[in-house]
Every structure is written in C-alpha cells, then in structure tokens.
Amino acid sequence: MIIALNNKSNLNKEAFLSYQEKLRGLEHTCQVILCPTYLNVNLFNLEGISLGAQNVSTEDPGAFTGEISAKDLKNSGVEYCIVGHSERRTYQRESLEEVHKKVVKLFENDITPILCIGETKEEREQGLVGSILKEEIETAISGLTEEQKARLIIAYEPIWSIGTGIIPTIEQITEVLTFIKSFLPNTTLLYGGSANEKNIDMLKECTLIEGYLLGGLSLKPEELQVFINKA
Ligand code: PGA
C-alpha cells in the first residue's frame, strides 16, 4: 500500500518544519511518499518516509529559467515525482508531449514517476473516459521498457473529484482500474480525489486500489493518521 502526500503549493518554511515534526510521529506500515513544494524538498528530514516532488523540468540542467531538473531533484534525495497532475495540465497548459518528456527524464535519473491521469465531468458524461485515459497513458509511456512500465505508478484522479468532496462510485473506479490493468498489468495503481478518513471505508472495497494520492488530507496529520489506520 502506497500513501502519497501532495502538499501542492502549501506550507511555507516555518509551517513545513512544524508539519514535518507532526509527520515524524505518524504510525504506518505502508509506504508513505511526501511530495512537498520545491522549496521544502531540501528541508525534508524524515525517516521511514520517502521524498517526492510535484513536478520536474522536461530538460537537463541548463538555460531553462525557473525550472528544476530531474538530475537536481535526484541530488536532493527525491525518489518519486508526480507528473501530469491535472492542475498542471490545466493551469500550466502542460501538453501530452511534455508529460512524456518528464517521464523519460525521471527514469533517466532513476526517479519513479507518479503519472496522474483523469477525465473531466463533461468527458465522463460524453462517454469519453476510456479514450481520454488511454491517450494520456499511451503518450506518457511511449518508448518505455517493460521494466520501466512495471516501476511506473499511475494515479487515477477524476478531475471532478479533486478537492470537491465528491468521489466516484466503487463501480466507476473498478471499471477504470480494470481498464488500465488490461494493458499495464504490472503498473501500480493509486486512486486520488477527495479521499479522506470518512470515505476510506468505502474506497477500500475496491481491491484494485494499491494506494492513494492525497491532496487536502496531506495537510491534516491527525486525520491522515486515521486514514492510514483504516486503509
Ligand atoms: P484532493 O487532491 O485529495 O485534495 O482531492 C488530490 C490531488 O490533487 O492529488
């Protein structure tokens, strides 16, 4: 079981340091991956928790103002990196090709990508879930070796569920994860989108879910502990 924590653009230096002290007391037997802001990556100092990042440059170190390369993330101890989060695809207009380049750069630097995929409410209503997800996955993984595909982590995050408090039904999640497993049988699958300590009892009925990507809940250590205990 993987629990990946996406702090998004939250927690300044002081807030992160006191948050980190609370996480130090987290009891868990699963694999916890903390993805803080870039600035907080170098403040990370926890045992028993892995370090992740939320984004990466498509390029190697060089003249790319404002970017952070996979090589530098690796140098700072980053082992995992979220890529293609819907917020970046929407607000930064991150393209399918950019997501692919990032996945490749991460593997080149021995960092495991956590690839986020998901459909909008409209796409679901129009019956486009399968084609949207297939396109997002196929472009991102093109050219990867079987070994890399097995190392890849995919987080299914319906865009209409992120930060809204609305979660899909178990049948909807099962349908999507079964679909992904049909062509990526060895890839680890996470669910993300409004997962919390109240709906975990329901979510865990879906046995295909191998872990969770948590946004809002990542910022609440007490509720997170309840979630982990139940999961
Ligand atoms: P949420 O975010 O848990 O706050 O819905 C999940 C995510 O965006 O990764």
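**Overall fold, ligand site and the surroundings of Gln-54**

Of the contacts in the protein between residues at least 6 apart in sequence, 69% join residues at least 24 apart. The model is a predicted one, and its protein contains 11 helices and eight strands. A compact globule of 231 residues would have a radius of gyration near 17 Å, and the protein agrees with this expectation, with a value of 17 Å. Along the principal axes, the C-alpha atoms fill a box of roughly 45 × 40 × 30 Å. Buried residues account for 51% of the 231 residues. The protein exposes about 10800 Å², of which 49% is supplied by carbon and sulfur atoms.

The shell around the ligand draws on separate parts of the sequence, and includes Asn-6, Lys-8 and His-85, as well as Glu-157, Ile-162 and Gly-163. Gly-193, Ser-194, Leu-213, Leu-214, Gly-215 and Gly-216 also surround the ligand. By class, the residues of this shell divide into three nonpolar, seven polar and two charged. Side chains and backbone both supply polar atoms to the ligand's surroundings. In the side chain of Lys-8, an N or O atom is 2.7 Å from an oxygen atom of the ligand. A polar side-chain atom of Glu-157 likewise lies 2.7 Å from a ligand oxygen atom. For Gly-216, a backbone N or O atom is placed 2.8 Å from an oxygen atom of the ligand. On its own the ligand has 280 Å² of accessible area, and the protein covers 94% of this.

Gln-54 was examined next. This residue lies in the loop that connects β3 (49-53) and α3 (70-75). Gln-54 has a relative accessible area of 18% and is therefore buried, the cut-off being under 20%. A polar atom of the Gln-54 side chain lies 3.0 Å from the backbone oxygen of Lys-8, a residue whose own side chain has an N or O atom 2.7 Å from a ligand oxygen atom. The backbone oxygen of Cys-35 is likewise 3.0 Å from a polar atom of the Gln-54 side chain.

Leaving aside neighbours within four places in sequence, Gln-54 is in contact with Asn-6, Asn-7, Lys-8 and Ser-9. Further contacts of Gln-54 are made with Cys-35, Pro-36 and Thr-37, and with Cys-81, Ile-82 and Arg-88. Among these partners, Asn-6 and Lys-8 are also residues that surround the ligand.

Key: Residues are numbered from 1 along each chain as its sequence is written. This is a predicted model: local features need pLDDT of at least 70, side-chain atom pairs count only at pLDDT 80 or more; totals for chains, interfaces and linings use all residues. Side-chain values use heavy atoms; hydrogens and water are left out. A residue is near a molecule or strand if one of its heavy atoms lies within 4 Å of it. A polar contact is a pair of N or O atoms within 3.5 Å; within protein, one must be able to donate a hydrogen and the other to accept it, and residues adjacent in sequence count only if both atoms are side-chain atoms. Accessible areas come from the Shrake-Rupley method with a 1.4 Å probe; for residues, only the protein chains shown count as cover. Ala, Val, Leu, Ile, Met, Phe, Trp, Tyr, Cys and Pro count as nonpolar, Asp, Glu, Lys and Arg as charged, and the others, Gly among them, as polar. Helices (H or I, at least four residues) and strands (E, at least two) are DSSP runs, numbered from the N terminus. The radius of gyration is taken over C-alpha atoms; the globule rule is 2.2 Å times the number of residues to the power 0.38. Buried means under 20% relative accessible area, exposed over 50%, partly exposed in between (1.4 Å probe, protein chains only). Contact means heavy atoms within 4.5 Å.
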